[in-house]
Structure formats: C-alpha cells, structure tokens
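Work through the exercises below with the sequence and the 3D view open. Each task is followed by a solution in steps.

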Amino acid sequence: MRLLRHCKETAIRGDFPKKLVAESMLQAKFSTPRNVLFGKHAVLLCGIMFAVVLFGGTSYADSMFSFHGAMSETVLNAYLSRAVSHQLLFTDNDEALLADDIRMFHDEGAKFIGRASIIWETPPDVDAFFDQAASLAAQVHAVDPEIILQAGVFEIVDTGVDAVSVPTTTFEAFGLTPVERHFRYADMLYPDGTYWDYFGSGQSIPDMSRLETRLWFYTRARRYIDAGYEALHFGVVDTVEMNDAGNAALYDLLTRIREYAAQAARRGMILCDAHHPTGMSVEGKTVFDFLSYPMRIQETVGIPYEGHLSMDAEDVIYGRTLGGVTPSGWIAERLPYLVEIDNWGSSGQGGEDIGGIWVWGWDEIDWFARLASDKRDEFLRSAVSWLRTHDAYGHVQFPSRRILADPVADNVSWYFANRKSAACVNGFGQEDVIQRLMQPLSMVPVLLVIEEES
C-alpha cells in the first residue's frame, strides 16, 4: 500500500516524467513487459486497477491520445485500437440518428471514426457539402475533441468535376500561376483508356501520374482538413498508380497535403492510409502512416455460413506490411494496420459457396449482417483474439455503419452497430461488445513507479 501511495504521489507531484509513465502504460497494454526502465526509475506492471490515475490534472486516458504535428507509434496504436468504420455520418439527414451515433462513439470509447465523410460522386454543390462536413465534425468534437474523423478520398473521378473551379490555393500549392478555370475530367484519365467508365458512364479511375488528378485530390484533401478531419483514406490505391513510377507522384501529392496540414489541421498533421497489403515507400520513407485492408473472411468448411480468419488465405494483409521511416519520423519495423469487415457489392448468389473473396456468396458486411446477434458478437471477439495471436501489428476496425448491397429482412440496406432504439430502429446491437473489446483505458494494467535507490 505504501508503494502504491508513493507511486501515485510521485506522479501527481510531477517528480517522475509524466510522458514516460503514460507511454510505458500504453506499451504495457500492447506488449505487456514486466519491467520498463527509464534512467533512475523503474516501471513495474503489477495488476489491474479499475481507475484512471491522474497526472497533474490530466488523466492517463487523455494522455494516450495527445499529439501535435507528429504522432508517436504509441499514440498511433492507441487510436487504431479504438477504430470503427462508420460509413457516413448523418445518414439520410437524420438528426436523431446523428445524435445517437455520437452517443455511441462516446459510450464505446471510439477514438478513430473511419469513413465519416466520403466524396464518391462529385457533389452538385461542393461548398455546401464541405460546410455540412465541417458542421458534423464540430458536433462530434464538442463531445470528444480527441476523436479523429477520417474522410474518404477514393479512386474515382467523374464528369461532375468539370463544373468545379480550381481554387487559387491549389494552383499556388503546386507552384503554378493561378488561372480561372474548372477541373478537367478528361485530363485525369489514363491516356490508353484503362479504367474509363469503370464505375459507370462518366465515372472512371484516374491516373495519379497526371497533374490534373493530383490537383483534384489535393483540393478535396485541403477542404477536409479545413473542415476538421484529421485522417484521409485513399481507397484501392494500386488502381491509380499504374503509370506512377516509383510512386513519385503519389508521394508528392501526400507531401503537399501534409505540408498544408502542418499549418492548418486541428492538431498540426493528417494521417493518410489506403487499401494495400504491404505498403509503399520512397527512398526508405513510407508513403502512408498506416494501412487498411479487408479481413478476407474465409468460409469454415463443413459449417454453412460460418467464417474465420486465416494467415494462409489469398490476398491478405496479415504478416505482410513493410516498414521504413514513417511520416511522423519514427522507424517502423512494419507499418501497423486496420482490418475491416468490408463491402464491395452483390454477387447475386448470396447463401452459396462460390469461392473467391465472397463469404458464402456475400461480401463481408452482408455476410456479417445475416448472422444471429450472438454470432456477430462471437465473430468480433474471435477476430480480435485471432489477430492478437497471429500479428501484433494489426487492429480490428469494428463495423459501425456499412452499406448492404443485399438488403436484409424488411429491406434494411445499412448495417448499424447501434442498439435498437427510436433513434436507430434498425440497430443490429453490437455497440456493447465493441465497447468491451476496445478495452477502455480505465481498465488497463496499473504501473507502479519506483525511484531507484542512489
């Protein structure tokens, strides 16, 4: 008891480096070392305590999500361990559902909200779109200012860009003389016709090696930064990189985005990721801060509609991410990553064993939504446990909201993790198990600080 009292008094008094205590505690959460030594001090892992230790008025939980201008490996892992995939805030312009979503984030302890905003087709009023995106971000941050909201800047351009003016600031960011003109859809496409109209008439996958593509991607990224978003997801990035030798154009784009974020972002930086199983690097520097990928759920042979994860499955990220010097300056042996229960469409053969990336004929989220509630909970628990055992660099990005290509009973076309309520009548009810699996930082191993005898 005297040792514990001394520990708490020392920390609160400020005699021990607070940052080292906090980082040691989070490191213990991930790697569970028995002893962590810092100069003349020792930090010992001694058990579980259901409390938050205070450091000079700042809670331990708060300290784990503190950053500005750069993000340590420790803090990045803390955020990724609290990640959800929430495909679009303010679905159907429903104020009650928005309020319930924000309540759910708070109750779960979620800190990284993936896909909170997306531009797929160019909005008819770009300014109004980003005004609303900023309003939504402000409402979330009013409840929890530490939350990182992620926006999607995907691998698509459409003819709608022809009606959007190129901002003066975009020209200036690329060292170009500003002129009054609109973006040019045709100048973003692969010259040889690759991926033209891939998503439909006038909706194509662009060529990142073309300057016009980078001008449009930069403009969207900058507007999201101004709106309060601190992470950008770049989709299936290989599809835009076919003509980009050495990833030079992509790296240049992200460098310019990061330079702007350093001046204008809420906390002086932007996190960038994409769907990629290994990652990319330029001269030993990683292009992205972390990676994301589908779980690639495998059918369990002989047990209809059951699924599991596997290191040996085709096209997985497990055990494959590469390392390098990260955008925040630390050296990653391997980049951390998120795996999500992904959506990509309907096979038209749901419920059948058709092989490939399909799970009993459905994409991942459509398969997941069709499980019984207890089976959904069980799958999430097993996925977290499996990943911790097989690849410590990975984190489960929990499903929070996702579109269903094959609607379930009563024509429900979205999966909602929310509890069923008047605000979310189609809630699937996984928020409680997600909260438990995120391991609230108020329930982590307590570390005792002992001053070494001189």
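The exercises go from the whole chain to single residues.

The model is predicted, so local features need pLDDT of at least 70 and side-chain atom pairs count only at pLDDT 80 or more, while totals for chains, interfaces and linings use all residues. Residues are numbered from 1 along each chain as its sequence is written, and side-chain values use heavy atoms, with hydrogens and water left out.

**Exercise 1. The whole chain**

Task: State how many helices and strands the chain has, and what share of its residues is buried.

Solution:
- Step 1. Count the secondary structure: there are 12 helices and 22 strands. Helices (H or I, at least four residues) and strands (E, at least two) are DSSP runs, numbered from the N terminus.
- Step 2. Turn to burial: 54% of the 454 residues are buried. Buried means under 20% relative accessible area, exposed over 50%, and partly exposed in between, with a 1.4 Å probe and protein chains only.
- Step 3. Look at contacts, meaning heavy atoms within 4.5 Å. Among the contacts with a separation of 6 or more, 69% are between residues 24 or more positions apart.

**Exercise 2. A pair of helices**

Task: Describe how α6 and α8 pack, and which residues meet.

Solution:
- Step 1. Choose the quantities: two packed helices are described by the angle between their axes and the distance between the axes.
- Step 2. Give the values: α6 (residues 126-143) and α8 (residues 211-226) pack at about 35°, with axes 9 Å apart. Axes are lines fitted to C-alpha atoms, for helices over the stretch in contact, and angles run from 0 to 180 degrees between N-to-C directions.
- Step 3. Give the hand: the crossing of α6 with α8 is right-handed. That is, the near helix is turned clockwise from the far one by less than a right angle; anticlockwise would be left-handed.
- Step 4. List the residues: from α6 come V126, D127, F129, F130 and A133, and from α8 come R220, R223 and Y224.
- Step 5. Sort this contact by class: five residues are nonpolar, none is polar and three are charged. Ala, Val, Leu, Ile, Met, Phe, Trp, Tyr, Cys and Pro count as nonpolar, Asp, Glu, Lys and Arg as charged, and the others, Gly among them, as polar.

**Exercise 3. The core**

Task: Name the residues that touch the most other members of the largest nonpolar core, then list the contacts of M295.

Solution:
- Step 1. Fix the term: a nonpolar core is a set of buried Ala, Val, Leu, Ile, Met, Phe, Trp, Tyr and Cys residues joined through side-chain atoms within 4.5 Å.
- Step 2. The largest such core has 119 residues, and those touching the most other members are Y229, F234, I257, F288, M295 and Y318.
- Step 3. Beyond four places in sequence, M295 touches L309, Y318, V339, E340, I341, E364, F379, A383 and V396.

**Exercise 4. Two serines**

Task: Find where S292 and S310 lie and what their side chains pair with.

Solution:
- Step 1. S292 belongs to strand β14 (residues 291-294) and is buried because its relative accessibility is 3%.
- Step 2. Its side chain and that of D273 are joined by a polar contact of 2.5 Å. A polar contact is a pair of N or O atoms within 3.5 Å; within protein, one must be able to donate a hydrogen and the other to accept it, and residues adjacent in sequence count only if both atoms are side-chain atoms.
- Step 3. S310 sits in the loop between β16 and β17 and is buried at 19%.
- Step 4. A polar atom of the S310 side chain is 3.1 Å from the backbone nitrogen of D312.

**Exercise 5. W330 and E108**

Task: Show which distant parts of the sequence lie beside W330 and E108.Solution:
- Step 1. W330, in the loop between β17 and β18 (331-332), is buried with a relative accessible area of 15%.
- Step 2. The C-alpha atoms of W330 and A70 are 9.6 Å apart, with their positions 260 residues apart along the chain.
- Step 3. The contacts of W330 beyond four places in sequence include M71, S72, E73 and L76. The backbone oxygen of M71 lies 2.8 Å from a polar atom of the W330 side chain.
- Step 4. E108 is in helix α5 (residues 95-108) and is buried at 2%.
- Step 5. Beyond four places in sequence, E108 touches V84, E431, I434, Q435 and M438.
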